[in-house]
Amino acid sequence: MDEAALDLRGLLGALREGRAPEVGAIAAFVAAASAGRAPAESVGAFLALVFARGLGTEPLLELTRAMLHSGRVLSFEGLGRPVVDKHSTGGIGDKASLPLAPALAACGCAVPMISGRGLGHTGGTLDKLEAIPGFSTAVHPDHYRAQLESTGVVFGGQTADIAPADRLFYALRDVTGLVESIPLITSSILSKKLAEGLDVLVLDVKFGSGAFLPEVERGAELARAMVDVATGFGVRTVAWQTNMERPLGRTIGHSLEVEESVHCLTGRGPSDLRELVCLLGGEALALAGRAADNAEGRHRIARCLDDGSAFEVFARTVEAQGGDTGALFDPSRLPRTREVQVLGADRGGYVHFGDLRAFGRALLALGGGRQRVGDTIDPAVGFRLLCAEGDAVAEGQSLIEIHHTRRGLERAREELGRALLLRDEPPVPRPLALTRIA
Ligand code: URA
């Protein structure tokens, strides 16, 4: 669709009245906006109208396709392996991508994982990996194929030529309070993921106080929209709604999360992290035809965590991306704070998790989070939980380690008081995996 077909009034009028725009109108608009030829106020109006009025299935497919094709779309045809990825809406302590990508590669898939950085209360996969000394996530898209052939995994970041329309729209949404819209989130996430040239996509949509969209119903709506759109592009896709009412695993903070990921990759580590990796990995293997069904897929993922083959892929990928593989064997080579404070229970009771975002704010206070794009983070700071949801603890019992450099310690302790609670009654925890949406 060329610019001549751009009819701004017609497009915005249809959106305002809740009608489907003319076929091609959204594509023409996105092309003009990405080329800097649409007035800034029209981009704002477009985003605000989609936010307020929603978007039907066909227009949403058109929007996603236009955003995807605003930039480069990778293709791994002829690689001889299914091209697979997962996307998580993110949460506290969610480091599942680190063990999952190599586990999938160890089971015969190629995983060109393009991830984001942390912002606000959630951490980003790229930042976690960069806690490994020397690790570079600046992999040029021209180099993906060679690394997929050698290790099976690339951990890269979004480059300027991947979905530039999303970059433009997201920056505007961010400053105008238009982030939390199902069609805008769907097109944003999928325009980047589909640029990886995928055959299979597994989505992890979190619910709970630590999630991007806390309510189960809103998360289900997002999962449904993402599955429908990705499937519309011919990508075999499944979503799971998983629990972010408690942190994933026992660590929060970049270096500590790398260490915990290595434990998972060597058959150890917390059971919830392993369960999630096996669940999502099992789904991906079944969709990719590398397992007869997801039960067999789960079993295969578990085996390659236990037999060292997933760890071996991870180590080779770390090496390929310039990282110090010695740090995977010796955690003292990862960034560490000199000081660790242990918080004890101020009363006896059962462990509950309250406002999970408070963990994110506590990490931010210590210098381990990012308030603005471009802020630097300290990978060494963070928390190690010494208790789990529902544990009965006695007064004085150790609850959590704070790895700190003194900066923001008081503020972090205050926030932890909102995140980690002791009550007389035990909690009624919800399962790790709630609903499967296919
Ligand atoms: N993550 C994205 O990449 N885009 C959104 O719109 C929201 C979360």
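Is Lys193 buried or exposed at 4% relative accessibility? In this predicted model, Lys193 counts as buried. The legends below present Lys193 and several other sites in close-up.

**Figure 1. Lys193 takes part in salt bridges with Asp85 and with Glu196.**
The side chains of Asp85 and Lys193 come together with an N to O distance of 2.5 Å. This pair joins distant parts of the chain, for Asp85 belongs to strand 1 and Lys193 to helix 9 (residues 182–193), 108 residues apart. Lys193 also meets the side chain of Glu196 in a salt bridge, here with 3.4 Å from N to O. Asp85 has a relative accessible area of 1% and is therefore buried, the limit being under 20%. Glu196 is likewise classed as buried, at 0% relative accessibility.

**Figure 2. A salt bridge connects Asp142 with Arg72.**
The closest N and O atoms of the two residues are 2.6 Å apart. Asp142 is found in the loop between helix 6 (125–129) and helix 7 (144–150), while Arg72 sits in the loop between helix 4 (57–68) and strand 1; the pair thus links distant parts of the chain, 70 residues apart. Arg72 has a relative accessibility of 30% and counts as partly exposed. Across the whole structure, 30 salt bridges are found.

**Figure 3. Five residues are linked in a network of salt bridges: Asp355, Arg361, Arg411, Glu415 and Arg418.**
Two acidic side chains may be followed in this view, those of Asp355 and Glu415. The arginine members of the network are Arg361, Arg411 and Arg418.

**Figure 4. The ligand is surrounded by Tyr170, Arg173, Ile185, Ser188, Ile189, Lys192 and Phe212.**
Helix 8 (164–176) and helix 9 each provide at least two residues of this shell. Helix 9 makes the greatest contribution, with four residues. By character, the shell divides into four nonpolar residues, one polar residue and two charged residues. Three side chains are shown with their polar atoms beside the ligand. For Arg173, an N or O atom of the side chain is 2.9 Å from an oxygen atom of the ligand. For Ser188, a polar side-chain atom lies 2.6 Å from a nitrogen atom of the ligand. For Lys192, the distance between a side-chain N or O atom and an oxygen atom of the ligand is 2.5 Å. The ligand taken alone exposes 240 Å², and the protein buries 82% of that area.

**Figure 5. Thr89 lies in the loop between strand 1 (84–88) and helix 5 (97–106).**
The side chain of Thr89 reaches the backbone nitrogen of Lys206 at a distance of 3.0 Å. Beyond its neighbours within four places in sequence, Thr89 is in contact with Asp204, Val205, Lys206, Phe212 and Leu222. One of these residues, Phe212, is also among those surrounding the ligand. Thr89 has a relative accessible area of 14%, and because buried means under 20%, Thr89 is buried.

**Figure 6. Ala131 is placed in the loop between helix 6 and helix 7.**
Ala131 is buried, with a relative accessible area of 1%. When neighbours within four places in sequence are left aside, the residues in contact with Ala131 are His254, Ser255, Val258, Leu334, Pro335 and Pro379. Leu280 may serve as a further point of reference: its C-alpha atom is separated from that of Ala131 by 25 Å, and the two residues are 149 residues apart along the chain.

**Figure 7. Helix 2 (residues 25–34) is mostly covered.**
Of the 10 residues in helix 2, seven are buried. These buried residues are Ala25, Ile26, Ala28, Phe29, Val30, Ala32 and Ala33. Their cover includes helix 1 (8–16), helix 3 (40–53), helix 4 and helix 8. Helix 8 also supplies residues to the shell around the ligand. Just after helix 2, Gly36 adopts a positive phi of about 75°.

Conventions: Residues numbered from 1 in each chain as written. Predicted model: local features only at pLDDT ≥ 70, side-chain atom pairs only at ≥ 80, totals over all residues. Heavy atoms only, no water. Buried < 20%, exposed > 50% of the residue type's maximum accessible area, 1.4 Å probe, protein only. Polar contact = N/O pair within 3.5 Å; in protein donor to acceptor, adjacent residues only side chain to side chain. Contact = heavy atoms within 4.5 Å. Salt bridge = Lys/Arg side-chain N within 4 Å of Asp/Glu carboxyl O. Near = heavy atom within 4 Å. Areas by Shrake-Rupley, 256 points an atom, 1.4 Å probe, with all protein chains shown as cover. Nonpolar A, V, L, I, M, F, W, Y, C, P; charged D, E, K, R; others polar.
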